[in-house]
Amino acid sequence: MTASGTPSPHDTPAPSAAVASQAAAPDLAGRTALVTGAASGIGRACALRLAAAGAAVRAVDRDAANLGTLPGEAAALPGPLDTLTLDLTDLDAAEASADGADILVNNAGLQLVRPIEEFPPDVFHTVLTVMLEAPFRLVRGALPHMYRQGWGRIVNISSVHGLRASPYKAAYVAAKHGLEGLSKTAALEGAAHGVTSNCVNPGYVRTPLVERQIADQAKAHGLPQERVLTEVLLKDSAVKRLVEPAEVAEAVAYLCSPAASFVTGASLVLDGGWSAH
Ligand code: NAD
């Protein structure tokens with residue numbers, strides 16, 4: 001809080017991960033949940049939150065080192081947690097990994113901040129592969145089992161950038177807008193089979209993905225790094241703080257709960273008012 005009483009971007013009134021994991025948990029015992037990008041940030045919080053609700057979690061990431069620390073962190077939670085080291089650019093392996101999942105959380109992602117004329121085409125291709133084509137293949141791999149049992153939950157971690165553009169993020173914005181379309185199509189096809197598909201759309205979340213882009217944003221916008229948070233990242237957010245990964249995980253848990261069985265084809269926005277502009 002500043003001296004004037006105005007909330008500063010550094011205020012963190014959000015619940016801690018511990019508080020969030022104690023929140024009313026939907027009972028997901030007996031369900032299997034596959035979470036991609038589970039080694040870090042939002043995916044890690046989702047894996048822990050779903051295991052706290054009793055789901056058997058299959059945690060997927062290409063980062064074996066950070067993934068390897070997750071089972072220890074989840075050890076006291078009711079749901080068992082297994083890890084699978086996998087680079088999602090291996091699309092056949094991605095599709096195969098989703099077989100048998102009752103809940104699929106498409107979360108893995110990456111970011112590069114560059115003007116279009118300097119944006120490397122190979123990075124554009126990788127971003128689209130990991131953040132749009134792999135989710136398609138994972139949904140494709142998960143649906144036969146979900147349809148057979150007449151129940152499934154697909155949660156796609158989109159972004160406010162699934163609904164709004166920002167300069168210098170051509171690949172990310174294109175992938176997230178595509179993911180919104182994939183999610184809505186899966187909702188229409190899955191409804192008759194008891195399968196819902198939704199997006200969760202956070203503003204800037206306190207994760208390594210955001211920390212890594214501060215230097216790039218400073219360069220692209222011609223600003224010192226210490227001004228990037230307030231003048232770039234939180235410029236359009238009415239609530240002047242970052243969202244916590246645990247808050248995003250809570251929205252994912254809600255979408256898997258019985259209370260959300262009529263919610264499908266939706267985009268659940270957690271953007272501090274950004275898209276209210
Ligand atoms: P993060 O960098 O902390 O974690 C992303 C994880 O994805 C990492 O563990 C990474 O290893 C994994 N990953 C990346 N490429 C992969 C690949 N080819 N195969 C397997 N795993 C791969 O990032 P985060 O902030 O937690 O972001 C997670 C998701 O949330 C992303 O889809 C991101 O777009 C979205 N999101 C993030 C924010 C934010 O502000 N951090 C805001 C809105 C949406």
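**A quick tour, starting at the ligand**

Select threonine 207 to begin: one of its polar side-chain atoms sits 2.4 Å from an oxygen atom of the ligand. Keep in mind as you click around that this is a predicted model.

Stay with the ligand and pick tyrosine 172, where a polar side-chain atom lies 2.5 Å from a ligand oxygen atom. Then add aspartate 61, which has a polar side-chain atom 2.6 Å from an oxygen atom of the ligand. Now show the whole surroundings: 29 residues surround the ligand, and Ser40 and Val205 join Asp61, Tyr172 and Thr207 as the closest.

Next stop, the inside of the protein. How many cavities of 30 Å³ or more does the structure hold? Just one. The largest cavity has about 60 Å³ of space in it. To find its walls, select the lining residues, among them Thr36, Leu88, Asn106, Val130, Ile157 and Lys176. Colour helix H6 (121–149) and helix H7 (170–190) too, since these are the elements that each give two or more residues to that lining. H6 provides the largest share, with four residues. Colour the lining by class and you'll get eight nonpolar, three polar and one charged residues.

Last, colour the protein chain by pLDDT. Its mean is 92, and 91% of the residues reach 70 or more. Now select residues 1–22, where pLDDT is below 50. Beyond near neighbours in sequence, this stretch has 31 contacts in the model. Don't zoom in too eagerly, though: where pLDDT is low, the predicted coordinates should not be read in detail.

Conventions: Residues are numbered from 1 along each chain as its sequence is written. This is a predicted model: local features need pLDDT of at least 70, side-chain atom pairs count only at pLDDT 80 or more; totals for chains, interfaces and linings use all residues. Side-chain values use heavy atoms; hydrogens and water are left out. pLDDT is the predictor's confidence in each residue, from 0 to 100. Contact means heavy atoms within 4.5 Å. On a 1 Å grid over the protein atoms alone, a cavity is a set of points where a 1.4 Å probe fits but cannot get out, and a pocket is an open set with protein on both sides within 12 Å along at least five of seven lines; lining residues have an atom within 4 Å of a point. Grid points are joined across faces, edges and corners, and a volume is the space filled by probe spheres set on the points. Ala, Val, Leu, Ile, Met, Phe, Trp, Tyr, Cys and Pro count as nonpolar, Asp, Glu, Lys and Arg as charged, and the others, Gly among them, as polar. A residue is near a molecule or strand if one of its heavy atoms lies within 4 Å of it. A polar contact is a pair of N or O atoms within 3.5 Å; within protein, one must be able to donate a hydrogen and the other to accept it, and residues adjacent in sequence count only if both atoms are side-chain atoms.
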